[in-house]
Amino acid sequence: MWRSEHANDWDYDFRMSVGFQTTFRKAVDDDADAIRRIVRAAYAKWVPLIGREPRPMLADYGHAVKEHDVDLLYAGGTLVGLIETMQHPDHLWIENIAVSPDAQGRGFGKRLLALADEKAAQSGCGEIRLLTNEAFVANISLYERCGFSVDRKEPFHLGGITVFMSKRLAESSPDH
């Protein structure tokens, strides 16, 4: 489990807000089907809005588990979310973040983004990047509340606008 120096305080506050213990586990090959199910469920609400399945619904999660870091978030022993990341020399890339529909709105997305902060800090890179669809206003709002800002917007070849976002991490002191 990834932990920062303040993780115990954060975890306590988080447990108090959601009512139970949360843990992370690295995904393994056998998790691909569960990942696919949670991603498809989490993104299904966007299909009517954009007129197609968002790209994460079409991804090969067997491949993703082998090639990327996929961290699974459990609450009370139940899989509630995941974050898929890729480490680059100068930034941590968030390829996907998904929370089960019945667990949305309970702080799990923020917890997944906090894990990305911890991973980026541990790797020594000072930035996290992601992209999303401009139509996913609730997601953009969450990212902005968690410190991300919009870098640019570009038309997407299947329609809509892609929003590129990033977050600069605070410089840590040498003794941490």
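**Close-up legends for a predicted model**

Of the protein's 176 residues, 44% count as buried (under 20% relative accessible area with a 1.4 Å probe, protein chains only; exposed is over 50%, partly exposed in between). This is a predicted model: local features need pLDDT of at least 70, side-chain atom pairs count only at pLDDT 80 or more, and totals for chains, interfaces and linings use all residues. Residues are numbered from 1 along each chain as its sequence is written, and side-chain values use heavy atoms, with hydrogens and water left out.

**View 1. Confidence and the N-terminal stretch.** Mean pLDDT (the predictor's confidence in each residue, from 0 to 100) is 88, with 86% of residues at 70 or more. Residues 1-17 fall below 50, and beyond near neighbours in sequence this stretch has 29 contacts (heavy atoms within 4.5 Å) in the model.

**View 2. Trp46 meets Phe136.** These two rings make a stacked aromatic pair, 4.3 Å centre to centre with 25 degrees between the planes. For the pairing, centres of Phe, Tyr or Trp rings (the six-membered one for Trp) lie within 6.5 Å; planes under 30 degrees apart are stacked, over 60 edge-to-face, the rest tilted. Trp46 sits in the loop between helix H2 (32-43) and helix H3 (47-50), and Phe136 in the loop between strand E5 (127-133) and helix H6 (137-145), so the pair ties together parts 90 residues apart in sequence. Helices (H or I, at least four residues) and strands (E, at least two) are DSSP runs, numbered from the N terminus. Trp46 is buried at 9% relative accessibility, and Phe136 is buried at 5%.

**View 3. Arg152 over Phe164.** Arg152 lies over the face of Phe164, 3.8 Å from the ring centre. The criterion is NZ of Lys or CZ of Arg within 6 Å of the ring centre and within 35 degrees of the ring normal.
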